[in-house]
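Have your viewer ready, with cartoon and stick representations at hand. We will go from stop to stop, with a selection to make at each one.

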Amino acid sequence: MKAWRRRQDTLDNMRLIFLGPPGAGKGTVAKKVSQELGLPQISTGDMLREAAKEGVPLGRKAKEYMDRGELVPDEIIIGVLKNRIIQQDCKNGFILDGYPRTLLQAKALDAFGIPVDRVLHFHLSEKTLIERITGRLTCRNCGAIYHKKNIKPKVKGKCDACGGVLYKREDQEEQAVRKRLEVYRRQTRPLIVFYQKKGMLTTIDAEGTPEESVEKVKIALRK
Ligand code: AMP
């Protein structure tokens with residue numbers, strides 16, 4: 001713990017990418033690490049869902065792709081990310097959760113001139129992934145994540161944190177999940193080699209609980 005605290009002095013200005021398939025727990029782990037290190041978590045998925053909820057044109061367009069389990073076109077998402085990453089709170093570091101997802105997005109990030117320090121790749125079996133995503137429940141109000149077997153809310157169908165209604169996202173139905181995994185394999189997985197070649201990649205075994213993954217991330221960042 002002490003060592004982690006000490007190292008944290010230098011970790012709180014890190015620029016990190018969390019890379020991995022849907023269901024790897026990136027979002028949950030990113031949230032905890034973000035709180036501990038005081039780094040903003042930039043989830044492009046959350047940003048798009050927020051835009052869709054507000055009903056703005058970008059959100060309405062993005063929702064069509066998201067519901068089908070497809071990626072939102074690069075030219076849209078690159079603009080969204082760029083506008084976010086230049087904000088003041090990202091000056092001293094950030095955690096990118098869900099970006100980049102294509103080589104073009106990774107190259108665009110390089111072109112922003114904001115160098116990333118580390119890429120953490122969350123790895124786990126397909127069986128675990130499908131089980132995790134199809135059982136997932138999300139709070140309609142605050143976005144908190146539950147699971148019908150692994151992380152049950154205290155009251156069925158209600159969020160522990162805010163009392164909001166829990167629902168199953170449309171992109172978490174089995175068919176859309178399979179599509180998202182196929183998209184991951186085809187479009188996002190090549191990024192593993194891309195960052196490996198740059199010497200930036202560390203793989204995290206994400207089969208366990210989110211808490212275990214958080215510990216593994218802390219260990220990896222200390223190295
Ligand atoms: P997530 O919450 O990260 O799983 O993202 C949910 C959905 O948002 C994805 O399936 C995509 O449709 C869309 N999305 C999020 N981030 C990106 C990105 N970097 N590039 C393209 N689409 C994205």
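The tour visits a strand and its partners, then a second sheet, then the ligand.

Before you click, note that this is a predicted model, in which local features need pLDDT of at least 70, side-chain atom pairs count only at pLDDT 80 or more, and totals for chains, interfaces and linings use all residues. Residues are numbered from 1 along each chain as its sequence is written, and side-chain values use heavy atoms, with hydrogens and water left out.

**Stop 1: strand β1**

Select residues 15–19, which form strand β1. Helices and strands here are DSSP runs (H or I of at least four residues for helices, E of at least two for strands), numbered from the N terminus. Is β1 enclosed or open to the outside? Of its 5 residues, 4 are buried, so the strand is largely enclosed by the rest of the structure. Buried means under 20% relative accessible area, with a 1.4 Å probe and protein chains only.

Now add residues 94–97, strand β3, which pairs with β1 in the parallel sense over 4 bridges. Two strands count as paired if DSSP finds at least two bridges between them. Then add residues 118–123, strand β4, another parallel partner of β1, also over 4 bridges. Show Ile17 as sticks: its bridge partner in β3 is Leu96, and in β4 Val119 stands opposite Ile17.

**Stop 2: the three-stranded sheet**

Move on to an open sheet of 3 strands, with antiparallel pairing and the order β6-β5-β7. Its edge strands are β6 (145–147) and β7 (166–167), each pairing on one side only. Select β5, residues 136–139, and you can follow the 3 bridges that join β5 to β6. One pair to label is Leu137 with its bridge partner in β6, Tyr146.

**Stop 3: the ligand**

Select the ligand and expand to residues with a heavy atom within 4 Å. Which residues are closest? Of the 15 that surround the ligand, they are Thr44, Arg49, Glu70, Gly98 and Gln105. Color helix α3, residues 44–54, which gives the largest share of this shell, 4 residues. By class, the shell divides into 6 nonpolar, 4 polar and 5 charged residues.

Next, draw three distances. An N or O atom in the Arg49 side chain is 2.9 Å from a ligand oxygen. A polar backbone atom of Gly98 lies 2.9 Å from a ligand nitrogen. A polar side-chain atom of Gln105 is also 2.9 Å from a nitrogen atom of the ligand. Finally, switch on a surface: the protein covers 95% of the 480 Å² of accessible area that the ligand has on its own, by the Shrake-Rupley method with a 1.4 Å probe.

Definitions and conventions
Buried < 20%, exposed > 50% of the residue type's maximum accessible area, 1.4 Å probe, protein only. Polar contact = N/O pair within 3.5 Å; in protein donor to acceptor, adjacent residues only side chain to side chain. Nonpolar A, V, L, I, M, F, W, Y, C, P; charged D, E, K, R; others polar.
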